[in-house]
Amino acid sequence: DINVDVERQWNKQWKSTLMFSRQEWNTSHGQGPALPSTTYVSNIFVGDVTHKFNRKTSLRFEVQYLLSGDDKSEWDGIHSEGDWVAALVEFNLAPHWSFYMQDMYNIGQSKTHYYNGGLSYTYNRTRVQLSYGRNRAGYICSGGVCRYSPAYTGVNLVLTSSF
């Protein structure tokens, strides 16, 4: 991985972040000589702008672009669907409420939208999130723990508590 991150606080209300990440992954790394050796390369561009209305209210916009040269490849069940774009709008009412809408679109192979919208409420060390949308199959990782989630369209309720 190679990552470059530039952050700028323009004034008390406006902050922006630009990020570039180049990731390379070789299928034979750590697998032994029996597997074919293919290197997958991804270039990720991210732009993020936050506007603070006051101490407790903010609005954040984020856009992402994944440029992948691996347009219709498959290895061991892993599919590369080409390039992706994503956008997010998030409205926060600190310290408890957050509302968001996002869309991730495959501009490569599948031409599919993965839309999602939801809200969360946080109290002390407990967070409840309710969302609705279309979700891709894949791994969801948090705090170094990953779990596989199947593809679905519907309602999602998440309860997280730290103790």
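A polar contact is a pair of N or O atoms within 3.5 Å; within protein, one atom must be able to donate a hydrogen and the other to accept it, and residues adjacent in sequence count only if both atoms are side-chain atoms. By that rule, the side chain of S98 makes a polar contact with the side chain of N92 at 2.8 Å.

## Basis of the values

The model is predicted: local features need pLDDT of at least 70, side-chain atom pairs count only at pLDDT 80 or more, and totals for chains, interfaces and linings use all residues. Residues are numbered from 1 along each chain as its sequence is written, and side-chain values use heavy atoms, with hydrogens and water left out.

## The open sheet

Strands here are DSSP runs (E, at least two residues), as helices are (H or I, at least four), numbered from the N terminus. Two strands pair if DSSP finds at least two bridges between them. Strands of a sheet pair through backbone hydrogen bonds, either parallel or antiparallel.

Nine strands make up an open sheet in the order β1-β2-β3-β4-β7-β8-β9-β10-β13, with antiparallel pairing. Its edges are β1 (2-9) and β13 (152-161), each of which pairs on one side only. From one strand to the next, the twist averages 10 degrees; axes for such angles are lines fitted to C-alpha atoms, for helices over the stretch in contact, and angles run from 0 to 180 degrees between N-to-C directions.

## Pairing from β1 to β4

Edge strand β1 pairs with β2 (residues 14-26) in the antiparallel sense over eight bridges. Within this part of the sheet, I2 stands opposite R22 in β2. The antiparallel link from β2 to β3 has 13 bridges, and the bridge partner of E24 in β3 is V41.

Strand β3 covers residues 39-52, and 10 of its 14 residues are buried, so β3 is largely enclosed by the rest of the structure. Buried means under 20% relative accessible area, exposed over 50%, and partly exposed in between (1.4 Å probe, protein chains only). On to β4 (residues 57-68), β3 pairs in the antiparallel sense over 11 bridges. K52 has S58 in β4 as its bridge partner. Four residues lie between β3 and β4, which form a hairpin.

## S98 and N92

S98 belongs to strand β8 (residues 97-106), while N92 belongs to strand β7 (residues 84-93). Are these two residues buried or exposed? S98 is buried, because its relative accessible area is 13%; N92 also counts as buried, at 19% relative accessibility.

Besides the contact with S98, the side chain of N92 is joined to that of E90 by a polar contact of 3.3 Å. Contact in the general sense means heavy atoms within 4.5 Å. Leaving aside neighbours within four places in sequence, S98 is in contact with E90, F91, N92, G118, L119 and S120. With residues up to four places away likewise not counted, N92 touches K56, T57, S58, W97 and S98.

## T153 on the edge strand

T153 lies in strand β13. T153 counts as partly exposed, because its relative accessibility is 45%. Although G133 is 20 residues away along the chain, its C-alpha atom is separated from that of T153 by 5.5 Å. Beyond four places in sequence, T153 touches Y115, Y132, G133 and R134.

## The disulfide

A disulfide is a covalent bond between the sulfur atoms of two cysteines. The cut-off used is a pair of cysteine sulfur atoms within 2.5 Å. How many disulfides does a search of the whole structure find? The search finds one, joining C141 to C146 with an S to S distance of 2.0 Å.

The torsion about the S-S bond of C141 and C146 is about 110 degrees, so the disulfide is right-handed. Both ends are partly exposed: C141 has a relative accessible area of 47%, and C146 has one of 46%.

## Aromatic rings

Rings of Phe, Tyr and Trp (its six-membered ring) pair if their centres lie within 6.5 Å; planes under 30 degrees apart count as stacked, over 60 as edge-to-face and the rest as tilted. By this rule there are six aromatic pairs. One of them is Y139 with Y148, an edge-to-face pair at 5.5 Å centre to centre with 75 degrees between the planes. Y139 and Y148 are both exposed. One aromatic cluster is formed by F20, F45 and Y65.
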